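Reader: Could you take me through a close look at one part of this structure? I am in my first year, so please explain the terms as you go.

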Amino acid sequence: MDASSEHALLVSLTTAISGGVALTILARWLRLPAIVLLLAGGVLLGPEGLGWIRPEGLEGMLPVIVALAVGIILFEGGLTLDLRGYARGSRTIVHLLSIGVVVTWLGTAFFVWAIFDTSPGFAILAGSLVIVTGPTVIGPLLQRIQIIPRLHTILHWEGVLIDAIGVFMAVLCFEWLVGKSGGEALAKFGFRVFSGLLLGAVGGLAIVAVFRRKWVPESLVNAFSLGAAVLIFGVTESLISEAGLLSVTLAGLIVGWHRPVELRQIRKFKGELTDLLIGLLFLLLTARLRFEQFHDFGWRGVALVVCVIAVVRPLNIWLSTLGSGLAWRERLFLAWVAPRGIVAASMASLFALALREHAVDGEPRFLETFVYSVVVATVVLQGFTAGPVARLLGLRRPDPTGWLLVNADAFSRRLGRFIQDEAQLSVLLLDTNARRVAEAAEAGLPALCEDALEVEATEERPEFQRAGHLLALTDNSDLNELLCRRWRRSMGAERVYRWASARLHAAGGVKEWPPAVFPKVARPSVLAAELANGEAQMETITYSEPMPDFEGTPLLAARPGAVLLYREAAAFRSALRPGDRVLLLRRTAGFLARSVEAVLEPRGQTLEAVYEEALAWLVARHPRLSREDALAQLAAVGDGLPTQLGHGVAIPHIYSRHLRKRVVLLLRLPGGGLAAPGAEEPLRLLFFVVSPAGDPEGHLATLAEIARQVADPVGLQRLLADPADAVLRRMQEEAT
């Protein structure tokens, strides 16, 4: 390769990579399918336009680049394929993915054969390439047109699940077509399919085994998954030509099915890599297209595309929805909307390149011309008319009014139940903790085990289409703020809310936006633990005027169709109307009695030694508690001297972010007490208090109860003199 060829190759690749990324970003901002801009960009930057991308300069490299990129894209598709979603799908979705696939495949093949007089095998391959209606096209379309939930669900799941089915069918058809005649063709076809499935299964299970044994450092998980996908594809192709796509798709499916803990991280990385590869592929492949090939396609080509859109798809919908209960307007809309996408176009170009090496009946260039014509026609025609058609048929849904709650613990579930029952609005709980999600589902609340930070991956799903408000209820104030900022683009800045810690409120560190709610309440996990243990209650009352102060902390108010969140007392009361339902939080008194775990008599002769003994006892029972962090906090307060209440009583108290329940130890010091620097009298009794971080209200209430206990001389004497087991038993009786 001479210097000029190397320069042309460098310009082509750099333009395709950077241009693909730029056009994909622009499409996201414009809320358009990326394929629209990528198609136009490929033609503009290719030989028919500016000439910056010259695929012919890639010579024999292009088939390898396309095959490898498509393999990685299909591996990512296998990772995200939700077979559980298929199993849970409605009857219509199941029929679309079975009856509908066959109708589209064979119906299109019939028209290709009848109109262009191709061989049956070539027509069947062409028909298999337009089976898919990709999620990268249908997702942004559904988000934009806002159709009723039932149709949204059908089109979404069809787009998500049909990708792998369509690719599998196309690969099988290609395998059949490139084989020779008779029994040899059948044997080679069966061998390719068997080998691809076998190597894909072995590769997928090997990836799962490596992850389960933790052989890969966390920092190299993404690199390993990419390398493994490339290895599976390369090994399969080197052993059995044309079987790599099938093997890598199955490998991704197996990894996704087993759901290793690294799956979320891999999906995110593979999703970003797929966007990069899709942009690269489309610019390289569409740059190969020539205007004359579409001119040669002619009126017969127009008739073929019309038959695919106006005959095959309606027939597909009619047969797939028989007995489904869908109204004629809904069936008509489904018959109109079926845009093809990136996978169909990529597979067409890949097969066109590969077929040049095989002697088959049919023109490989026809595959690209036909599929790209269907892609352009469906994306442009249906993409820009779906909204008006939905409006004309009365299938647009109203603005979403439901609530998305990020957290599914007992506290969030109670809030969700109140919104669902009293405001009569839809609720969806989101959490990465599978146990809490299962508990929410058992309580009759819709819940998903998903990461709320992955907005793009979740907001297009049908489960989210009714959510118009966000309430971020994690224990992390910064994370809640980030969640609000992520979701404001789709919901609006005035519809996202968050919990922020009382310490931030007290320090004036809570920003005006995003709005913080429930000021001066403990972090959600603390309240959830208290609700689960019966140490806190949530009660619903009916508001009437005049009403004295609430007997508890107000959290929410609701009336049919509306929810009011508590932020500031005066504003909350002024917005209430007679008859509104108000949700109150009541935290049971007796913080001290519920928290005492033991009465100890340490032997240490210094305050530091006493602390060490107490922490040793605590860490043995609460392993997540950090001894070093606790000692640092104790040393930082008052030069190491605990808060003194007089009469030889002091309260060393700290916070721990690893505890969800407050822990108190009564430390009775030996002899006449312990002389501590700066103490007015020897210390005889220490209340060692460790509170969950984010619960200053409960912490201060505990300290106040201790002060009341020791203010009574008789009570103090009993704490000092009674046997340890008697003191502990009395405390536990008070707690119950």
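Author: Helix α17 bends by about 45° at Ala386, the bend being the angle between axes fitted to the seven residues ending there and the seven starting there. A proline, Pro388, follows within four residues. Helices here are DSSP runs of H or I with at least four residues, strands are runs of E with at least two, and both are numbered from the N terminus. This is a predicted model, in which local features need pLDDT of at least 70, side-chain atom pairs count only at pLDDT 80 or more, and totals for chains, interfaces and linings use all residues. Residues are numbered from 1 along each chain as its sequence is written, and side-chain values use heavy atoms, with hydrogens and water left out.

Now for the whole of α17, which runs over residues 364–392. Its 29 residues reach 41 Å from the first C-alpha to the last. That is close to the 42 Å expected at 1.5 Å a residue, where the expected span is 1.5 Å times one less than the number of residues.

What sort of phi does Gly394 take, just after α17? Gly394 has a positive phi of about 70°.

So, to retrace the path along the chain: α17 starts at residue 364, bends at Ala386, has Pro388 within four residues after that bend, and ends at residue 392. Just after α17 comes Gly394 with its positive phi.
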